Amino acid sequence: MSSFARPVPAARTVVRTGRGRPNVAPYLFLAPAVVFVILTVVYPLIYNILQSFFDVGLREVVRGGASWVGLDNYRDQLGRSEFWHAVVVSLVYSIGTVAIAFAVGLGLALLFHREFRGRNVLRALLLLAWILPTVVSANVWRWLLDGSYGLLNAALSGLGLLDRDLFWLGEPNPALLAVTVATAWSFAPFAMILLAAGLQGISPTYYEAARIDGASAWQQFHSLTFPLLRPVSLTVTLLIFIFTFKTFDTIFLMTGGGPGNATETLPVYAYNEAFEFSRFDTAAVATTVLMVISIALALVYFRALRNEEGA
């Protein structure tokens, strides 16, 4: 008999019952989640894509019998100035939101990176902007920006900077600026959290060496902080851009896409096509294009993130 202990056999990957049959209990626990995802995500997604290739109006939705038109819906939308206007507004809105949210988030992250009394309380209060329901925050902004009794007009008038009532949500350029600032306000705490985590990952020895070399605070930020935050900054900008590009609720609650179509982004355009004009096929085209752009941005994000990790 050998003096060496017998090796313990590796555990089997398939869980079996006492009679040797596979245990299906884990799959039964997963089944409700899988069914839920299929019914709420996969099926609507496939149905929307298929609908973009048919002529679907209100009658076809009620009675059925939609006819196949192939790529005609896409040709129609790509040739419409209203569609491209919605794309441009979406880009302006998303880029503006990213720029404001990132700048404010970075400033807050640098502020809370310092030790001072009440830091944790203030940081928790700022997170309210992120966790508040969109309905609440959008209505608060509508009240602040109201032309007749809004708090912003009252404050500007009290400072002597405004001599008339300005209807921020009733004029094209101020309306787009207003929804951009409102959306950036809700995303700034998200940017702050990620950037604060990035700042904590930078070793203090870098700053000690820079101070010994006589670097000023701006030089330390320009040459150390900002370059070392590049991976986190890339994550923040791309994620906020993707989230903002498909945002519907904030704009719909504040302006409904108006005045005119000044704030009509691609999601709002798709909503109007479907529920205002009963053109469900062209709405499906708009949402499909929106999905493709979002997936492309997500792929850019993962590729850039992989390149940063490999650098």
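Start by selecting Ser278, which sits in the loop between helix 14 and helix 15. You're looking at a predicted model, by the way. Ser278 comes just after helix 14 and takes a positive phi of about 60°. Why point that out? Most residues other than glycine have a negative phi. Ser278 isn't a glycine, yet its phi is near 60°. As for its surroundings, Ser278 is partly exposed, because its relative accessible area is 25% and the partly exposed range runs from 20% to 50%.

**Back along the chain: Pro259**

Now select Gly258 and Pro259 together. Which kind of peptide bond joins Gly258 and Pro259? A cis one, with omega of about 0°. Most peptide bonds are trans, so pause here and take a look at the backbone. Pro259 belongs to the loop between helix 13 (249–254) and helix 14.

**Helix 14**

Next, select residues 266–276, which make up helix 14. Is this helix mostly enclosed or mostly open to the outside? It is largely enclosed by the rest of the structure, because 8 of its 11 residues are buried. To see them, colour Leu266, Pro267, Val268, Tyr269, Ala270, Asn272, Glu273 and Ala274, the buried residues in helix 14.

**Where helix 14 meets helix 4**

Keep helix 14 on screen and add helix 4, residues 81–112. The axes of helix 4 and helix 14 come within 8 Å and cross at roughly 145°. To find the meeting place, show side chains: from helix 4, pick Glu82, Phe83, Ala86, Val87 and Ser90, and from helix 14, pick Leu266, Pro267 and Tyr269. Sorted by class, this contact of helix 4 with helix 14 has 6 nonpolar, 1 polar and 1 charged residues.

While helix 4 is up, here's a handy bit of helix geometry. An α-helix has 3.6 residues a turn, so residues three or four places apart point the same way.

**Zoom in on Phe83**

Hide everything but Phe83 and whatever touches it. Phe83 is in helix 4. Phe83 counts as buried because its relative accessible area is 1%, and buried means under 20%. Which residues does Phe83 touch, once you skip those up to four places away in sequence? They are Gln77, Leu78, Leu266, Tyr269, Ala286 and Val289.

For a feel of how the chain folds back, draw a line from Phe83 to Thr282. Phe83 and Thr282 are 199 residues apart in sequence, but their C-alpha atoms are 9.9 Å apart in space.

**The nonpolar core**

Phe83 is also your way into something bigger. The largest nonpolar core has 42 residues, and Phe83, Leu195, Ile240 and Leu266 are the ones with the most contacts inside it. Which helices each supply at least two residues of this core? Helix 4, helix 9 (172–200), helix 10, helix 11, helix 12 (230–245), helix 14 and helix 15 (280–310) do. Helix 4 gives the largest share, 10 residues. There is also a second, separate core of 16 residues, and to find it you can select Trp141, Leu166, Leu169 and Met254, which are among its members. As background, nonpolar side chains tend to be buried together in soluble globular proteins.

**Two stops on helix 9**

Now for helix 9. Select Ala191, which lies in this helix. Ala191 counts as buried because its relative accessibility is 0%. Leaving out residues up to four places away in sequence, Ala191 touches Ala101, Gly105, Val236 and Ile240. Try another distance here: Ala191 and Asn153 are 38 residues apart along the chain, and their C-alpha atoms are separated by 29 Å.

Then click on Thr180, also placed in helix 9. Is Thr180 buried or exposed? Buried, because its relative accessible area is 6%. Beyond its neighbours within four places in sequence, Thr180 is in contact with Tyr93, Gly96, Thr97 and Ile100.

**Last stop: helix 10 and helix 11**

Finish by showing helix 10 (residues 204–212) and helix 11 (residues 217–228), whose axes come within 11 Å and cross at roughly 165°. Helix 10 and helix 11 are therefore roughly antiparallel to each other. Their crossing is right-handed. For the side chains where they meet, select Tyr206, Tyr207, Ala210 and Arg211 in helix 10, then Gln220, Leu224, Thr225 and Leu228 in helix 11. The residues of this contact divide into 5 nonpolar, 2 polar and 1 charged.

Definitions and conventions
Residues numbered from 1 in each chain as written. Predicted model: local features only at pLDDT ≥ 70, side-chain atom pairs only at ≥ 80, totals over all residues. Heavy atoms only, no water. Helix = DSSP H or I, 4+ residues; strand = E, 2+ residues; numbered from the N terminus. Buried < 20%, exposed > 50% of the residue type's maximum accessible area, 1.4 Å probe, protein only. Axes fitted to C-alpha atoms, helices over the stretch in contact; angles between N-to-C directions. Contact = heavy atoms within 4.5 Å. Nonpolar A, V, L, I, M, F, W, Y, C, P; charged D, E, K, R; others polar. Parallel < 35°, antiparallel > 145°, perpendicular 65-115°, else oblique. Left-handed = near helix turned anticlockwise from the far one by under 90°. Core = buried A, V, L, I, M, F, W, Y, C linked by side-chain atoms within 4.5 Å.
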